[in-house]
Number of protein chains: 4
Amino acid sequence: MAQLRADARRNRERILAAAEEVFAERGASASTEEVAARAGVAIGTVFRHFPTKDDLLAAIFKALLARLVSEAGELAGSGDPKTALFAFFTRVVEAAAARRTVAELLTGGGADLRLGGALRALDEPLGTLLRRAQEAGAVREDVRLEEVRALLAAASQAALLAGWTPELQDRTLEIIFRGCRP
Amino acid sequence: MAQLRADARRNRERILAAAEEVFAERGASASTEEVAARAGVAIGTVFRHFPTKDDLLAAIFKALLARLVSEAGELAGSGDPKTALFAFFTRVVEAAAARRTVAELLTGGGADLRLGGALRALDEPLGTLLRRAQEAGAVREDVRLEEVRALLAAASQAALLAGWTPELQDRTLEIIFRGCRP
Amino acid sequence: MAQLRADARRNRERILAAAEEVFAERGASASTEEVAARAGVAIGTVFRHFPTKDDLLAAIFKALLARLVSEAGELAGSGDPKTALFAFFTRVVEAAAARRTVAELLTGGGADLRLGGALRALDEPLGTLLRRAQEAGAVREDVRLEEVRALLAAASQAALLAGWTPELQDRTLEIIFRGCRP
Amino acid sequence: MAQLRADARRNRERILAAAEEVFAERGASASTEEVAARAGVAIGTVFRHFPTKDDLLAAIFKALLARLVSEAGELAGSGDPKTALFAFFTRVVEAAAARRTVAELLTGGGADLRLGGALRALDEPLGTLLRRAQEAGAVREDVRLEEVRALLAAASQAALLAGWTPELQDRTLEIIFRGCRP
DNA sequence: CATGAATGAGCCTTCATTCAT
DNA sequence: GATGAATGAAGGCTCATTCAT
């Protein structure tokens with residue numbers, strides 16, 4: 001991956017972009033062929049870059065994860081500790097409503113990710129957000145990272161539901177947040 | 001279905017049992033062939049009883065739904081209004097933790113069920129439980145059925161997560177319940 | 001077949017009747033199960049009377065053939081030699097228009113029939129009709145049984161065509177008949 | 001289809017050739033698997049070239065139809081009006097004697113073809129041949145395209161008959177032709 | 001004998017993956 | 001490195017035929 005030819009890198013990125021779109025719409029069960037088509041490359045090219053469909057999924061999940069981690073990190077660094085955790089939570093659920101992949105990631109989509117526990121990468125910034133919120137008195141002391149993680153995954157899944165609307169999202173998350181407050 | 005021969009009924013039940021197991025483990029995407037194998041039956045037999053894979057899934061989902069509806073009804077009839085809603089909620093999540101199918105049902109698994117809106121069958125008892133809880137002052141007035149439904153589906157999905165334990169379940173549900181209380 | 005119990009004979013006939021209907025409508029590729037259903041018996045009963053689907057078809061074809069043979073015989077015995085051949089020809093085509101089976105029979109539907117050459121049973125009365133017609137000067141001398149047979153099969157097939165109407169039938173057969181006249 | 005790779009075109013043609021053979025022998029109900037086997041190709045390859053069995057059949061029928069249309073056109077353009085219609089008729093029946101598919105085409109084999117009415121493509125040249133023949137006084141005025149079409153289909157079916165020989169063909173067609181003459 | 005459930009080979013179709021070009 | 005054709009293992013489903021009841 002270090003010494004990629006220019007066109008190879010270009011292709012790799014086009015494939016990733018296409019895959020993100022396709023999997024966001026159709027879920028992880030979408031066909032690799034459609035990814036190739038949307039990327040405007042041949043199927044073989046996809047498999048050259050990602051020897052397995054799982055590899056492709058893992059790459060996407062990893063990128064997604066990285067983005068979430070970084071967003072969480074930013075909020076942890078700069079935001080108001082009292083609201084940052086909930087703001088992040090909301091952002092993730094919003095993202096999930098738009099892309100199936102987010103929910104799938106949080107539920108343990110990419111086998112590799114789950115096995116490698118890479119998902120735990122989110123734990124650090126999430127833990128920080130939680131701790132800060134607790135120190136600021138915005139979240140009860142007895143709420144642990146584990147529950148937050150579970151609730152995040154759960155809410156992201158719920159965002160995929162049929163009648164999901166921004167309004168329903170507000171009301172649902174408000175219940176969860178209220179349950180976290182002292 | 002009323003006057004089935006003894007061996008036919010036996011097989012029908014074996015198939016349903018096998019299907020419940022298989023789908024509980026592998027989800028609705030498990031193969032009909034595996035169901036047949038686990039039931040100790042030829043593939044044709046499965047299709048004789050359930051002409052379509054969807055029919056088989058629908059049968060299972062319907063049974064599941066009926067069980068949930070009846071449990072909710074019982075709690076609505078006899079239980080303490082203050083706790084019945086939460087008790088039911090907990091039971092569903094517990095069931096989901098044991099069988100993938102519950103979560104899939106709540107998310108809109110069986111095409112027939114979703115289309116027919118049969119899932120709405122759960123709305124009635126659930127609505128009753130909610131109303132009673134609110135009348136008893138155990139749940140805030142502004143919590144609506146829609147949110148409860150969403151949270152139920154969400155929590156059931158979460159129960160499928162990797163590190164899910166009874167203890168985590170308690171802590172997670174407690175947050176949701178607390179968010180519902182006045 | 002000699003010492004059949006009363007109910008057995010009754011069933012045998014019901015099956016034959018049903019099969020005639022079903023195959024007439026859907027052709028020889030109709031399913032045995034539908035025959036059983038229409039006969040109001042269980043599938044096993046069909047197979048007890050006709051160990052093979054082909055046996056059932058053969059039975060029907062044989063009955064059909066017998067009917068045709070007898071009709072031809074009657075016409076040969078009583079009718080006006082000048083028109084009897086053409087009258088028979090027309091009757092067969094009319095029958096074919098109403099029942100797929102006639103055409104299939106004439107084309108060699110039932111394997112057994114074709115192999116056993118039972119179809120040749122029609123040759124005798126048909127030959128008589130032809131000879132009489134020729135003796136009466138209604139058909140050219142150089143027309144042989146073989147051609148008549150072929151034309152009969154052909155016209156019967158044609159009767160199954162999409163746009164077939166009585167009018168078209170008249171016009172088409174008139175051409176064939178004209179070709180046969182001196 | 002224009003810029004197919006060499007091996008792909010080779011396979012496409014092998015498949016078509018094999019299909020033509022197989023369907024010619026066994027009729028349209030022959031299995032795709034056998035086509036693949038005879039073509040020396042995996043089953044997936046057949047479906048890559050023809051996404052559906054019907055597509056494959058349609059391709060064959062279309063090619064067949066095109067061949068017939070072009071032959072008719074040639075005869076209409078160059079041949080002796082007095083004999084061209086009969087010559088074409090004979091050629092079609094000859095082809096049918098060799099390949100089941102011709103008869104099936106004329107009878108309305110390929111779903112797509114029948115629905116799309118593509119078969120009517122044959123009507124134009126056939127109509128021309130008929131008109132020319134009538135103008136040349138070789139065919140009676142009251143013979144219409146419809147009858148010719150029906151007789152063509154009928155004779156093609158007949159060509160599939162068991163005892164069909166070139167000699168029988170001549171005698172049979174001669175009767176039909178004679179019936180058409182003034 | 002009748003019943004109808006069970007069987008299982010066979011069909012069409014999809015899709016991840018490989019490999020010749 | 002890219003291409004896209006070929007592969008073949010499943011998967012869902014049908015139906016003639018068998019056999020326990």
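**Figure 1. Area buried between chain B and chain A.** In this predicted model, chain B and chain A bury about 2300 Å² between them, 66% of it on carbon and sulfur atoms. Buried area is the accessible area (1.4 Å probe) that two parts lose on being put together, summed over both. B:Arg171, B:Ile175 and B:Arg178 supply 25% of the area that chain B buries against chain A, more than any other three residues. In terms of contact (heavy atoms within 4.5 Å), 27 residues of chain B meet 28 residues of chain A. The model is predicted, so to speak of local features requires pLDDT of at least 70 and side-chain atom pairs count only at pLDDT 80 or more, whereas totals for chains, interfaces and linings use all residues. Residues are numbered from 1 along each chain as its sequence is written, chains are lettered from A and ligands numbered from 1 in the order in which they are written, and side-chain values use heavy atoms, with hydrogens and water left out.

**Figure 2. Salt bridges and polar contacts between chain B and chain A.** Three salt bridges are counted between the two chains, a salt bridge being a side-chain nitrogen of Lys or Arg within 4 Å of a carboxyl oxygen of Asp or Glu. The side chains of A:Glu147 and B:Arg171 form a salt bridge with an N to O distance of 3.3 Å. Six residue pairs are in polar contact across this interface, both residues at pLDDT 80 or more. A polar contact is a pair of N or O atoms within 3.5 Å; within protein, one must be able to donate a hydrogen and the other to accept it, and residues adjacent in sequence count only if both atoms are side-chain atoms. On the side of chain B that touches chain A, helix H9 (145–158) and helix H10 (166–180) each supply at least two residues. Helices (H or I, at least four residues) and strands (E, at least two) are DSSP runs, numbered from the N terminus.

**Figure 3. Protein surface near DNA strand E.** Of the 34 residues around DNA strand E, B:Asn11, B:Arg48, C:Thr45, D:Phe47 and D:Lys53 come nearest; a residue is near a strand if one of its heavy atoms lies within 4 Å of it. Sugar and phosphate account for 69% of the atoms of DNA strand E that come within 4 Å of the protein. Phosphate oxygens of DNA strand E lie 2.9 Å from a backbone N or O atom of B:Ala42, 3.3 Å from a polar backbone atom of C:Ala42 and 3.0 Å from a polar backbone atom of D:Thr32. The surface comprises 13 nonpolar, 14 polar and seven charged residues. Here Ala, Val, Leu, Ile, Met, Phe, Trp, Tyr, Cys and Pro count as nonpolar, Asp, Glu, Lys and Arg as charged, and the others, Gly among them, as polar.

**Figure 4. Protein surface near DNA strand F.** Around DNA strand F there are 33 residues, of which A:Thr45, B:Lys53, D:Asn11, D:Thr45 and D:Arg48 come nearest. Of the atoms of DNA strand F within 4 Å of the protein, sugar or phosphate makes up 68% and bases the rest. A polar side-chain atom of D:His49 is 2.8 Å from a phosphate oxygen of this strand. Backbone N or O atoms of B:Thr32 and C:Thr32 lie 3.1 Å and 3.2 Å, respectively, from a phosphate oxygen of DNA strand F.
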